[in-house]
Amino acid sequence: MNDMAAAKTHAVLDPQALRREFPIYQNNPGLVFLDSGASAQKPAVVIDGIAEYYRRDYANVHRGVYQLSQRSTDAFEEARETTRAFLNAADSNEIVFTRGATESINLVAQSWGPVFVKAGDEIIVSDLEHHSNFVPWQMLCERVGARLRVAPIGPDGGFDLAAFEAMLSPRTKMVAVTHVSNVSGAILPVERIAELAHAVGAKLLVDGCQAIPRMPVDVRAIGCDFYVFSGHKAYGPSGIGVLWGRYELLVAMPPWQTGGGMITLVTPERTEFQDPPHRFEAGTPDISGAVGLKLALDFIEGLGRDAIREHEEELTGYAIDRLSRIADLNLVAAGQRRLSVLSFNLAGIHPHDVGTVLDQHGVAVRVGHHCAQPLMDKLGVAGTVRASLGVYNDRDDIDALAAAVEACREMFSR
């Protein structure tokens with residue numbers, strides 16, 4: 001092992017030092033932020049970098065021949081290349097910028113879907129899906145006369161791989177699953193899911209929103225066909241997202257939206273469209289969002305994705321142990337592999353009441369169904385309290401969460 005590899009292996013994050021890189025903490029003293037699964041906070045390098053881009057380099061991209069536009073175009077396309085490298089994609093032309101994972105999934109469902117899914121075909125999602133990876137496929141099935149099937153979780157809360165395998169057939173055209181559950185933190189065996197899906201001729205789309213900020217992701221190693229994520233959960237700005245797709249699939253897909261920037265010829269008789277990725281990027285893109293995304297991905301790489309995962313794995317284990325010792329607290333199970341996301345309920349207390357009390361103690365968490373109502377129905381609850389971790393969290397945050405939960409329990413037991 002060389003010195004650089006050894007350094008990466010032994011890299012340890014210092015959350016207290018990292019907080020100095022996030023202005024939100026200086027402006028909100030005492031904040032215990034445990035809602036990164038919804039949106040992560042932004043480091044100064046991202047905030048300042050976007051502002052500097054607007055001050056120095058802003059112009060519209062791709063069609064300007066003047067120097068400012070060229071610089072802006074270079075910055076935009078550099079963001080595409082950074083994203084390609086981050087995912088270990090084969091070609092930067094496989095990277096499509098969108099408004100977020102939601103738009104990325106809708107793009108595939110509404111462009112790839114009607115071409116390749118017909119009446120009588122089947123699409124499989126899982127119990128663990130966010131609405132964004134459930135409803136677009138449901139609507140596609142209704143549109144073309146296909147059948148939506150839902151792969152279950154097992155008794156331990158993890159993805160039931162055996163049940164999923166039994167559901168597959170030559171009728172299966174698409175499998176769409178999360179990489180890491182936004183409710184329980186369950187990590188799905190996406191590599192094996194890809195093998196099984198491909199064995200029956202199906203494609204695999206992976207929702208990587210919760211995975212991208214906290215673990216290495218290699219789309220070629222996974223073997224999936226599409227991978228999506230949102231910038232705002234990865235320490236980047238809101239309004240920018242990514243669709244990665246195998247180029248041979250993207251080139252076979254018709255445009256989803258039409259307009260400027262995605263055509264090569266328009267006449268009264270016909271329109272000819274650009275090749276991917278520009279075919280799917282109609283109109284002026286979120287240029288500053290792409291710039292900010294690049295800075296965020298560079299920030300993550302600078303910390304080291306293995307180091308981030310090790311830090312959040314350790315903190316997840318500590319949180320499970322700490323919360324499990326609280327009477328009347330029911331932690332949502334996640335199988336054998338969980339990372340950074342923990343949902344729970346306090347017996348007899350509504351999640352919104354718990355969240356309100358936690359806020360009074362300076363602890364920010366998410367409450368509700370987390371855009372995962374099918375999973376809530378499966379669990380037999382209306383919603384949960386969810387704590388989700390980021391690089392700036394440490395054991396003191398978990399202790400503060402546990403203390404606030406205990407205070408809530410005592411308040412409602414009087």
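Leucine 68 touches Arg56, Asp57, Tyr58 and Ala59, when residues up to four places away in sequence are not counted. In this predicted model, leucine 68 has its place in helix α5, which covers residues 67–87. One of the residues that leucine 68 touches is Tyr58, and although leucine 68 and tyrosine 58 are 10 residues apart along the chain, their C-alpha atoms are separated by 7.0 Å. With a relative accessible area of 30%, leucine 68 is partly exposed, because that value falls between the 20% under which a residue is buried and the 50% over which a residue is exposed.

A second place to look is strand β8, made up of residues 241–245. Five of the five residues of β8 are buried, so the strand is largely enclosed by the rest of the structure. In a regular strand the side chains alternate between the two faces of the sheet. In β8 both faces are covered, with Gly241, Leu243 and Gly245 buried on one side and Val242 and Trp244 buried on the other.

Which strands pair with β8? Strand β2, residues 95–98, pairs with β8 in the antiparallel sense over four bridges, and strand β7, residues 226–230, also pairs with β8 in the antiparallel sense, over five bridges. The table sets out these two pairings, with a residue of each partner strand and the residue that faces it in β8.

| Partner of β8 | Sense | Bridges | Residue pair |
|---|---|---|---|
| β2 (residues 95–98) | antiparallel | four bridges | threonine 98 and glycine 241 |
| β7 (residues 226–230) | antiparallel | five bridges | valine 228 and leucine 243 |

Glycine 241 is thus named twice, as the bridge partner of threonine 98 and as one of the buried residues of β8. Leucine 243, which valine 228 stands opposite, is likewise buried, on one side of β8 together with Gly241 and Gly245.

Turning to the whole protein, the model has 16 helices and 15 strands, and the C-alpha trace spans about 75 × 55 × 45 Å along its principal axes. A compact globule of 414 residues would have a radius of gyration near 22 Å, and the protein, with 22 Å, agrees with this. Buried residues make up 53% of the 414 residues, and of the contacts with a separation of 6 or more, 70% are accounted for by residues 24 or more positions apart. The protein exposes about 17200 Å², of which carbon and sulfur atoms supply 50%. As for charge, the protein has 38 positive and 51 negative charges, and the mean positions of the two groups are 3 Å apart.

How values were computed: Residues numbered from 1 in each chain as written. Predicted model: local features only at pLDDT ≥ 70, side-chain atom pairs only at ≥ 80, totals over all residues. Heavy atoms only, no water. Buried < 20%, exposed > 50% of the residue type's maximum accessible area, 1.4 Å probe, protein only. Contact = heavy atoms within 4.5 Å. Pairing = 2+ DSSP bridges. Rg over C-alpha atoms; globule rule 2.2 N^0.38 Å. Areas by Shrake-Rupley, 256 points an atom, 1.4 Å probe, with all protein chains shown as cover. Lys, Arg positive; Asp, Glu negative; His and termini not counted. Charge placed at Lys NZ, Arg CZ, Asp CG, Glu CD.
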